[in-house]
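Please have the sequence and the coordinates open side by side while reading. The paragraphs below are meant to be followed with the viewer at hand.

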Amino acid sequence: MSRTNDPAGNRPEHSRREALGLLGVSAALLGAAALSRPAVAADDETVLTEALVLRDPEIPAAGNVDGDVTIVEWFDYNCPYCRKIDPELRQVIQDDGKVRLVLKDWPILGPVSKVASRMALAAKYQDKFMAAHEAMIGVSSKLTEPRLGELLSGAGIDMERLKRDLQTNAKAIDAILARNNDQALAFGFKGTPSFIVGKFRVPGVLTMAEFELVIADARKAKALKG
């Protein structure tokens, strides 16, 4: 796991204490009894509602958008663990067929990571968020700003439009990144990748078998609640 360089201590204490009560820790994966957390306080609704964590309208969903289980990943484009796990996660989602994927940019590994995240989010305005994401997460070497432009251009992104969208939508893009960061810190995540699977908090890298297991656990939890 790549570690954050923005310690949670820099954020309001109440956000971490009242972080989403929807989640526990998967006993099967983490070797501990499932934990429940207090519900989110009403005044935290700007970033910590279930809707904004699982269904943020500003972030395009992948996989089966009507799936019965949602996986949310907080990632950084320069995180080697995020790159390594990406094809395995996608294979699990494809094989399952009923999983919805939400990718939350959490650029904690330096300035280039922030540039990459902002470019990916700007690409959504030309319906190319996933194309941009796949181009940048699929490399094996550390990203640089010139390399970002090469990758996105090669993925069919209109770079002139991207530049305009970056400028026009700067406030909206920065608000998404701030919201993603606040949520990650509120959940106590220490680095990338970190996941929410259904209503389980999974801070770390999983194997394909472990993903399948926690997805099954999420379905069981949902069925019991229903």
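What follows goes from the largest pocket to two helix pairs and then to two details of the backbone.

The model shown here is predicted, and its largest pocket is a convenient place to begin. This pocket holds about 310 Å³ of space, and 14 residues line it, with E50, L54, G198, K199 and K222 lying nearest its centre. Three elements, namely α3 (50-54), β4 (69-75) and α10 (208-225), each contribute at least two residues to the lining, and among the contributors α10 gives the most, with four residues. Sorted by class, the lining of the largest pocket comprises six charged, five nonpolar and three polar residues.

From the pocket we turn to the packing of helices. Helix α5, which spans residues 111-123, packs with helix α9, residues 170-186, at an angle of about 120°, the two axes being 10 Å apart. Because angles over 115 degrees but not over 145 fall outside the perpendicular and antiparallel classes, α5 counts as oblique to α9. The crossing in which α5 passes α9 is right-handed. On the α5 side the residues that meet the partner are S117, R118, L121 and A122, while α9 brings A170, I173, D174, I176 and L177. By class, this contact of α5 with α9 has six nonpolar residues, together with two charged and one polar.

A second pair consists of helix α4, residues 80-96, and helix α6, residues 129-137, whose axes are 10 Å apart and which pack at an angle of about 125°. These two helices, α4 and α6, are therefore likewise oblique to each other. Their contact is formed by C82, R83, D86 and R90 from α4, and by M130, H133, E134 and I137 from α6. In the contact of α4 with α6, four residues are charged, three are nonpolar and one is polar.

Two points in the backbone remain, and they are best read against a general background: most residues other than glycine have a negative phi, and most peptide bonds are trans. In the loop between α5 and α6, D127 has a positive phi of about 55°, although D127 is not a glycine. Further along, which kind of peptide bond joins T192 and P193? The bond between T192 and P193 is cis, with omega about -5°, and P193 itself has its place in the loop between β6 (191-192) and β7 (194-197).

Notes: Residues are numbered from 1 along each chain as its sequence is written. This is a predicted model: local features need pLDDT of at least 70, side-chain atom pairs count only at pLDDT 80 or more; totals for chains, interfaces and linings use all residues. Side-chain values use heavy atoms; hydrogens and water are left out. On a 1 Å grid over the protein atoms alone, a cavity is a set of points where a 1.4 Å probe fits but cannot get out, and a pocket is an open set with protein on both sides within 12 Å along at least five of seven lines; lining residues have an atom within 4 Å of a point. Grid points are joined across faces, edges and corners, and a volume is the space filled by probe spheres set on the points. Ala, Val, Leu, Ile, Met, Phe, Trp, Tyr, Cys and Pro count as nonpolar, Asp, Glu, Lys and Arg as charged, and the others, Gly among them, as polar. Axes are lines fitted to C-alpha atoms, for helices over the stretch in contact, and angles run from 0 to 180 degrees between N-to-C directions. Angles under 35 degrees count as roughly parallel, over 145 as roughly antiparallel, 65 to 115 as roughly perpendicular and the rest as oblique. A crossing is left-handed if the near helix is turned anticlockwise from the far one by less than a right angle, and right-handed if clockwise. Contact means heavy atoms within 4.5 Å.
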